[in-house]
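Me: Please take a close look at the salt bridges in this model. Then move on to the aromatic side chains and the backbone around them.

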Amino acid sequence: VQLQASGGGLVQAGGSLRLSCAASGSIFSINAMGWYRQAPGKERALVARYTSVGGTVHADSVKGRFTISRDNAKNTVYLQMNNLKPEDTAVYYCIGWSESRAYWGQGTQVTVSS
């Protein structure tokens, strides 16, 4: 399984970005996907994810601002990020879970200026 993330960049506070994560390879084994982020000096933390039964989970810090979505035909998961804040600055990672392991994509940098 390969996960290719894109869409990061530099944006002013209050702005928006949409991240994309395209899955390829043995995608039949993937039963859930999501996004994590890691800010400088902090641990990697969950931002949003799909559950194995199709529900969604969003971290409290992003509820009402970020929305995870997907396009099954394109094997792609998105993260729409609105009303961005400087504290959202981080490297964002796409993740996919199978029954036996997690797969990580490369990170994409999101920088929010005040």
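Reply: A salt bridge here is a side-chain nitrogen of Lys or Arg within 4 Å of a carboxyl oxygen of Asp or Glu. Keep in mind that the model is predicted.

Start with D88. It forms a salt bridge with R65, and the closest N and O atoms are 2.7 Å apart. That separation lies within the 4 Å cut-off, so the pair qualifies. The two residues come from distant parts of the chain, 23 residues apart. D88 sits in the loop between β8 and β9, and R65 in the loop between β6 (56-58) and β7 (66-71). This bridge therefore links loop to loop.

Now the burial of this pair. Buried means under 20% relative accessible area. D88 has a relative accessible area of 0%, so it is buried. R65 comes to 9%, so it also counts as buried. Salt bridges that share partners join R37, R65 and D88 into one network.

R37 is the next member to examine. D88 forms a salt bridge with R37 too, with the closest N and O atoms 2.9 Å apart. This pair again links distant parts of the chain, at 51 residues apart. R37 belongs to strand β4 (residues 32-38), while D88 is in the loop between β8 (76-81) and β9 (90-97). R37 is buried, as is D88.

The count of salt bridges comes to three. One of them lies outside the network just described: the side chains of K63 and D60 meet at 3.1 Å, N to O. Here the setting is the opposite one, with both K63 and D60 exposed.

Turn to the rings. There are three aromatic pairs. In one of them, the ring centres of Y36 and W104 are 5.2 Å apart and the planes meet at 75°, so the pair is edge-to-face. Y36 is in strand β4 and W104 in strand β10 (residues 102-104), 68 residues apart. That makes this another link between distant parts of the chain. W104 has 39% relative accessibility, so it counts as partly exposed. Y36 and W104 are joined by Y93 and W97 in one aromatic cluster.

Charge meets ring as well. R44 lies over the face of Y93, at 3.6 Å from the ring centre. Y93 is one of the cluster members. Elsewhere, the charged end of R70 sits over the ring of Y50, 4.1 Å from its centre.

Next, the backbone. Most residues other than glycine have a negative phi. N75 has a positive phi, near 50°. This residue is in the loop between β7 and β8. N75 has a relative accessible area of 31%, so it is partly exposed. N83 also has a positive phi near 50°. Its place is the loop between β8 and β9, where D88 is found too. At 41% relative accessibility, N83 counts as partly exposed.

Last, L10 in strand β2 (residues 9-12). This residue has a relative accessible area of 66%, so it is exposed. Its C-alpha is 5.9 Å from that of V112, although the two are 102 residues apart in sequence. Beyond its neighbours within four places in sequence, L10 is in contact with T111 and S113.

Key:
Residues numbered from 1 in each chain as written. Predicted model: local features only at pLDDT ≥ 70, side-chain atom pairs only at ≥ 80, totals over all residues. Heavy atoms only, no water. Helix = DSSP H or I, 4+ residues; strand = E, 2+ residues; numbered from the N terminus. Buried < 20%, exposed > 50% of the residue type's maximum accessible area, 1.4 Å probe, protein only. Contact = heavy atoms within 4.5 Å. Phe/Tyr/Trp six-rings, centres within 6.5 Å; stacked < 30°, edge-to-face > 60°. Lys NZ or Arg CZ within 6 Å of the ring centre and 35° of its normal.
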